[in-house]
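Me: I am a first-year student, and I would like a close look at a single part of this structure. Please take the helix and explain it carefully, together with what lies around it.

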Amino acid sequence: MCSPYSLNNQSAFHTNSFSIELWVNPNASQVAYADILGNHGGTNTGFVIQQNGSANNQYYFSYGNTASWLYTSTFNLTPSVYNHLVVAKNGTYTSVYVNGARVTYDNLTASIAPNNNFTMKIGIGYDGGGRYYSGIIPSVKIYNRELSAAEILQNFTAFRGRFGA
């Protein structure tokens, strides 16, 4: 289990265009709904990169729009190795990239409703606790714009040697 880290400034998520870029090395076994990062609760606000129930290392990105939760398609992360993971959202689509390749592309047009009552956490994202991610997260970058596919591939290529990917 990694030690959770809090981030108070969430201004990038007050727009409908942002990117979250991470290097993650998940353990083979995770608790149900393990959160890589996020700040969601029961109010249909906030966001999360979360394991799909008990499906070890199968994840999705989800966010609330005050009325409901919206989800990307699921994607897999390879356990015990570093994975470059990017969630890139614009006004219409949300894409997920793993190791420089787009693995999901979903029409999610609703704006994210930030959860201003719970800080963003790395290694857990649920304000009820207990959904700790098990693994290593050595790098997290948050952008207030959607990264292009070329930028994502460039970032993956530039750092893959550092992480043995």
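Reply: What follows begins with the chain as a whole, then turns to the helix and its surroundings.

The model you are looking at is predicted, and the secondary structure of its chain comes to one helix and twelve strands. If you read along the sequence, the twelve strands come before the helix, in the pattern β-β-β-β-β-β-β-β-β-β-β-β-α. The chain has 165 residues, of which 48% count as buried.

Helix 1 covers residues 149-163, which is 15 residues. At 1.5 Å a residue these should span 21 Å, and because the C-alpha atoms at the two ends are 20 Å apart, the expected span and the model agree. That agreement should be read together with a bend, for helix 1 turns by about 30° at Thr157. Just after the helix, Gly164 takes a positive phi of about 70°.

The next step is to ask which residues of helix 1 are buried, and what covers them. The buried ones are Ile152, Asn155, Phe156 and Phe163, where buried means under 20% relative accessible area. Their cover includes strand 2, strand 8 (83-89), strand 9 (93-98) and strand 12.

These four strands also appear together in an open sheet of five strands, whose order is 10-9-8-2-12 and whose pairing is antiparallel. Strand 10 (101-107) and strand 12 (135-143) are the edge strands, each pairing on one side only, and the twist from one strand to the next averages 15°. Strand 2 (residues 18-26) and strand 12 run antiparallel and are joined by seven bridges; in one of the pairs, Leu22 has Val140 of strand 12 as its bridge partner.

Finally, one residue of the helix takes part in a salt bridge, and a search of the whole structure finds one such bridge. Side chains of opposite charge can pair when their charged atoms come close. Here the side chains of Glu151 and Arg145 meet, with 2.9 Å from N to O. Glu151 has a relative accessible area of 24%, so it counts as partly exposed, and Arg145, at 36%, is partly exposed too.

Taken together, helix 1 has buried residues, including Ile152 and Phe156, that are covered by strands, among them strand 2 and strand 12, while Glu151 is partly exposed and pairs with Arg145.

Note on methods
Residues are numbered from 1 along each chain as its sequence is written. This is a predicted model: local features need pLDDT of at least 70, side-chain atom pairs count only at pLDDT 80 or more; totals for chains, interfaces and linings use all residues. Side-chain values use heavy atoms; hydrogens and water are left out. A salt bridge is a side-chain nitrogen of Lys or Arg within 4 Å of a carboxyl oxygen of Asp or Glu. Buried means under 20% relative accessible area, exposed over 50%, partly exposed in between (1.4 Å probe, protein chains only). Two strands pair if DSSP finds at least two bridges between them. Axes are lines fitted to C-alpha atoms, for helices over the stretch in contact, and angles run from 0 to 180 degrees between N-to-C directions. The expected span of a helix is 1.5 Å times one less than its number of residues. The bend at a residue is the angle between axes fitted to the seven residues ending there and the seven starting there. Contact means heavy atoms within 4.5 Å.
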